Amino acid sequence: MTRTFDQQLEDALPDLWRFAFSLTRNRDQADDLVQDAVLRAIRKKGLRWPGHPVKPWAMKILLNCHRNDRRRAATRPETDPRALDQLVSPEATSEERLELRWLWRRIDALPEDQKLVLLAVTIAGLTYAETARFLGVPQGTVMSRLSRARTRLQAPEEQAGKSRLRSVK
C-alpha cells in the first residue's frame, strides 16, 4: 500500500528534526527550521515528482531554508553547549560530554559539502541514493564525500596513535 504525502511527511519528521538540529545545534532553531520546511513542503507538494519519496525532497527544502537563514544572519551556527549536553544521557561522564563537544567541533570544521553528506547519512538516516537525490549529485559523489569526511574525523587520533584526551595533574 502506498503511503500518502501526509503520512510520508509525518514519518520523516523525526529525521528532519535531527537533521535540523545537526545544522543549527539549537533546539529552538531546529524546531523553527522544521516548521518552515514542513510549511513550505505542504505549500509546494504539487511541485514534487510523483512516485518519489517525500523524505529526501523535504530534506532538500529544509536545507534550502537553513541556507536562506544563514545568508540572512551571515553568521555561522553557534554550538550551544547546554543543547549538546541534552543529547547525552544524564549518566554520561564528563569525558563523554567532552568527546561529544570535540566531535561537533570536528564536524563543524569539515568542508560544507562533506558535512552535509555526513549529516544526511548518519544523522538523518538517508540512504546513499536518497542523499544523492537530496543534494542533486551522483551517488558516487556522496560516497566519496562521506569517505573523505570520515577520514578527516578519524585522522587526528590515528596520527597521534592514542587518545587525544589527556589528564592534567
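Me: Helices (H or I, at least four residues) and strands (E, at least two) are DSSP runs, numbered from the N terminus; in which helix is the place of Asp 36?
Reply: The model is a predicted one, in which local features need pLDDT of at least 70 and side-chain atom pairs count only at pLDDT 80 or more, whereas totals for chains, interfaces and linings use all residues. Residues are numbered from 1 along each chain as its sequence is written, and side-chain values use heavy atoms, with hydrogens and water left out. The protein chain has eight helices and zero strands, and the one that spans residues 27-43 and holds Asp 36 is helix H2.

Me: Is Asp 36 buried or exposed, or does it fall in between?
Reply: Buried means under 20% relative accessible area, exposed over 50%, and partly exposed in between, with a 1.4 Å probe and protein chains only. Asp 36 has a relative accessible area of 36%, and therefore this residue counts as partly exposed.

Me: Which residues gather in a patch of negative charge on the surface?
Reply: Patches are made of residues with over 30% relative accessible area and no salt bridge, like charges being joined within 9 Å and nonpolar side chains (Val, Leu, Ile, Met, Phe, Trp, Tyr) within 5 Å. Asp and Glu count as negative, Lys and Arg as positive, while His and the chain ends are not counted. The members of this patch are Asp 28, Asp 31, Asp 32 and Asp 36.

Me: How many aromatic pairs does the structure hold, and what is the angle between the planes of Trp 17 and Phe 21?
Reply: Rings of Phe, Tyr and Trp (its six-membered ring) pair if their centres lie within 6.5 Å, planes under 30 degrees apart counting as stacked, over 60 as edge-to-face and the rest as tilted. The structure holds three such pairs. Trp 17 and Phe 21 form a stacked one, 5.3 Å centre to centre, and the angle between the planes is 15°.

Me: Why are Trp 17 and Phe 21 separated by about one helical turn?
Reply: Phe 21 is buried, at 3% relative accessibility. Trp 17 and Phe 21 both belong to helix H1 (residues 5-24), and the separation of about one turn arises because they are four residues apart.

Me: How is the pair of Phe 19 and Phe 134 arranged, and how many residues apart in sequence are the parts that it ties together?
Reply: The ring centres of Phe 19 and Phe 134 are 5.7 Å apart and their planes stand at 80°, so the pair is edge-to-face. Phe 19 lies in helix H1 and Phe 134 in helix H7 (residues 128-135), so the parts tied together are separated in sequence by 115 residues.

Me: What is the N to O distance in the salt bridge of Lys 55 and Asp 15?
Reply: A salt bridge is a side-chain nitrogen of Lys or Arg within 4 Å of a carboxyl oxygen of Asp or Glu, and the count comes to seven. For the side chains of Lys 55 and Asp 15, the N to O distance is 2.6 Å.

Me: Which residue in the loop between H1 and H2 forms a salt bridge with Asp 108?
Reply: Lys 115 forms a salt bridge with Asp 108, the closest N and O atoms being 3.5 Å apart. Another salt bridge of Asp 108 has an N to O distance of 2.7 Å and is made with Arg 25. This pair links distant parts of the chain, 83 residues apart, with Asp 108 in helix H5 (residues 94-109) and, in the loop, Arg 25.

Terms used: Areas by Shrake-Rupley, 256 points an atom, 1.4 Å probe, with all protein chains shown as cover. Charge placed at Lys NZ, Arg CZ, Asp CG, Glu CD.
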